[in-house]
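The exercises below are to be worked with the sequence and the 3D structure in view. Each one gives a task and then a solution in steps.

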Amino acid sequence: MIKRLLLALFLMMAAAPAFAVNPDEVLSDPSLEARARSLSAKLRCMVCQNQSIDDSNADLAKDLRLLVRERITDGDTDKQVLTYIVSRYGEFVLLTPPFSVRTLLLWGAPVLLILAGGVSLIVFARKRVGKPTGSKLTADEQARLVELSLD
């Protein structure tokens, strides 16, 4: 019983993004709708910030979806639509920012962090090689060790 309930809950949650685009937003031409969906998947919801506007139910996401569809039906190319939206909302609206001098640190930070971690591990390991790991025995411990070895 619980397994069925969990399965039903999972299926409802998995289908949640499919409900974001309302039927009244869908274009009648399937090729234009496919372009709109493709572009919407590349744009960040400014309210949710970790979802595309295609997956978000926020009012701003709906407005952006309608704007994308309006620009497509007006004859804009995909690049023109993206350029227009970026000009209004900035590069932050793109889920995958382009590689440029301004985003060099963003794209290079993971590599730099991995390299820095690797170098620090090597330095730390080299410093520890050959060093004793414990402290010297006290006089009482040495005497007890002698007693145990004589027994």
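**Exercise 1. A residue in a helix**

Task: State where Arg65 is placed, and decide whether Arg65 is buried or exposed.

Solution. The model is a predicted one. Step one is the location: Arg65 sits in helix α3. Step two is the accessibility. The cut-off for buried is under 20% relative accessible area. Arg65 has 1% relative accessibility, so Arg65 counts as buried. Step three is a distance along the chain and through space. Asp54 and Arg65 are separated by 11 residues in sequence, and their C-alpha atoms are 7.1 Å apart.

**Exercise 2. The overall make-up**

Task: Find how many helices and strands the protein has, and what share of its residues is buried.

Solution. Counting the elements gives 6 helices and 0 strands. Along the sequence, the order reads α-α-α-α-α-α. For burial, the protein has 151 residues, of which 21% are buried. A further step looks at contacts between residues at least 6 apart in sequence: 52% of these join residues at least 24 apart.

**Exercise 3. Packing of α2 and α3**

Task: Describe how helix α2 and helix α3 pack, giving the angle and the distance between their axes.

Solution. Two packed helices are described by the angle between their axes and by the distance between the axes. Helix α2 covers residues 30-40 and helix α3 covers residues 59-73; they pack at about 135 degrees, and their axes are 10 Å apart. That angle makes α2 oblique to α3. The crossing of these two helices, α2 and α3, is right-handed.

The next step is to list the residues that make the contact. From α2 come Leu32, Glu33, Arg35, Ala36, Arg37, Leu39 and Ser40, and from α3 come Arg65, Val68, Arg69, Ile72 and Thr73. Sorted by class, the contact of α2 with α3 holds 5 nonpolar, 2 polar and 5 charged residues.

**Exercise 4. Packing of α3 and α4**

Task: Repeat the analysis for α3 and α4, starting from the angle at which their axes cross.

Solution. The axes of α3 and α4 cross at roughly 140 degrees and come within 10 Å. The two helices, α3 and α4, are therefore oblique to each other. Their crossing, that of α3 and α4, is right-handed.

On the α3 side the contact is made by Leu60, Leu64, Leu67, Val68, Arg71 and Ile72, and on the α4 side by Val81, Tyr84, Ile85, Arg88 and Tyr89. By class, the contact of α3 with α4 has 9 nonpolar residues, no polar ones and 2 charged ones.

**Exercise 5. Buried residues in α3 and in the loop before it**

Task: For Ala61, Ser52 and Ala58, give the location, and then name the residues they touch beyond their sequence neighbours.

Solution. Begin with Ala61, which lies in helix α3. Its relative accessible area is 0%, so Ala61 is buried. Not counting residues up to four places away in sequence, Ala61 touches Cys45, Ile53 and Ser56. Ala61 and Gln51 are 10 residues apart in sequence, with 9.6 Å from C-alpha to C-alpha.

Next is Ser52, in the loop between α2 and α3. Ser52 counts as buried because its relative accessibility is 6%. Setting aside neighbours within four places in sequence, Ser52 is in contact with Ser40, Ala41, Leu43, Arg44, Cys45 and Leu95.

Last is Ala58, also placed in the loop between α2 and α3. With 16% relative accessibility, Ala58 counts as buried. Ala58 touches Cys45, Val47 and Cys48, leaving out residues up to four places away in sequence. For the pair Ala58 and Val47, the separation is 11 residues in sequence and 6.8 Å in space, C-alpha to C-alpha.

**Exercise 6. A residue in the loop after α3**

Task: Locate Thr77 and give its relative accessible area.

Solution. Thr77 is found in the loop between α3 and α4, the latter being residues 78-89. Its relative accessible area is 42%, so Thr77 is partly exposed. Thr77 and Arg35 are 42 residues apart in sequence, while their C-alpha atoms are 9.5 Å apart in space.

**Exercise 7. An annotated region**

Task: Which residues does UniProt give for the feature "transmembrane region", and what is the helix content of that span?

Solution. The UniProt record, an unreviewed entry, places the feature "transmembrane region" at residues 104-125. In the model, residues 104-125 are 100% helix and 0% strand. The end C-alpha atoms of this span lie 31 Å apart.

Key:
Residues numbered from 1 in each chain as written. Predicted model: local features only at pLDDT ≥ 70, side-chain atom pairs only at ≥ 80, totals over all residues. Heavy atoms only, no water. Axes fitted to C-alpha atoms, helices over the stretch in contact; angles between N-to-C directions. Helix = DSSP H or I, 4+ residues; strand = E, 2+ residues; numbered from the N terminus. Parallel < 35°, antiparallel > 145°, perpendicular 65-115°, else oblique. Left-handed = near helix turned anticlockwise from the far one by under 90°. Contact = heavy atoms within 4.5 Å. Nonpolar A, V, L, I, M, F, W, Y, C, P; charged D, E, K, R; others polar. UniProt positions renumbered as here; feature names shortened; annotations may be inferred. Buried < 20%, exposed > 50% of the residue type's maximum accessible area, 1.4 Å probe, protein only.
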